[in-house]
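Welcome, and thanks for having your viewer open. Let's walk through this model together, one selection at a time.

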Amino acid sequence: MRRFMFGTFAMAIIGAAPVAAAETSMQLVITLPGNAERHVVHYKCEDADEPLQVEYLNANPDYLAILPVDGVKQIFVTTIAASGVRYISGKYVWWTKGAEASLFDLTEGLDAEPLTSCLEANDIP
């Protein structure tokens, strides 16, 4: 088994009663069975000066992506996709297809434009 430890997350992310991030935070440790792997991908997103850093945790059959949305790190889990890999966290969808990725807001409807579109930029430190 591999253990992954994440920095601090608001308690609301793991299902506890919603709490403002500035008031309370905690460390989250996830133990995944088998040969788990972790890798970080940097993306250059439209209308963003700074690269977006996404952490992927893969331990078949569990696949997670951790990325900031509006400045707060969120844990996304995989779901069925016709193509590429689709991750969901609350109302958000992070959808990757090859070197491309997009963030969608499900409350905007299934045909809505993405909130942002990104391309891998792994040469960014």
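How do the residues of the lining of the second largest pocket divide into nonpolar, polar and charged? Keep that in mind while we get our bearings; note that this is a predicted model.

**Start with the whole chain.** Switch to cartoon view and colour by secondary structure: the chain has 10 strands and 0 helices. Following the elements from the N terminus, you will meet β after β, right through to the last one. Now colour the 125 residues by burial, and 31% of them count as buried. Turn on a surface next: the chain exposes about 7,800 Å², with carbon and sulfur atoms supplying 52% of that area. If you like contact maps, look at pairs at least 6 apart in sequence; 32% of those contacts join residues at least 24 apart.

**Next, select the largest pocket.** Its volume is about 240 Å³. Pick Cys 45, Pro 68, Leu 103, Leu 115 and Thr 116, which are the closest to the pocket's centre among its 13 lining residues. By class, this lining holds 8 nonpolar, 4 charged and 1 polar residues.

**Then move to the second largest pocket.** Here you will find about 150 Å³ of space. Show Arg 86, Val 93, Trp 95, Phe 104, Asp 105, Leu 106, Gly 109, Leu 110 and Ala 112 as sticks to see its lining. Highlight strand E8 (92-97) and strand E9 (100-105) too, since each supplies at least two residues of that lining. And now our opening question can be settled: the lining of the second largest pocket has 6 nonpolar, 1 polar and 2 charged residues.

How values were computed: Residues numbered from 1 in each chain as written. Predicted model: local features only at pLDDT ≥ 70, side-chain atom pairs only at ≥ 80, totals over all residues. Heavy atoms only, no water. Helix = DSSP H or I, 4+ residues; strand = E, 2+ residues; numbered from the N terminus. Buried < 20%, exposed > 50% of the residue type's maximum accessible area, 1.4 Å probe, protein only. Contact = heavy atoms within 4.5 Å. Areas by Shrake-Rupley, 256 points an atom, 1.4 Å probe, with all protein chains shown as cover. 1 Å grid on protein atoms, 1.4 Å probe; cavity = no way out; pocket = protein on both sides within 12 Å on 5 of 7 lines; lining within 4 Å. Points joined across faces, edges and corners; volume = space filled by probe spheres on them. Nonpolar A, V, L, I, M, F, W, Y, C, P; charged D, E, K, R; others polar.
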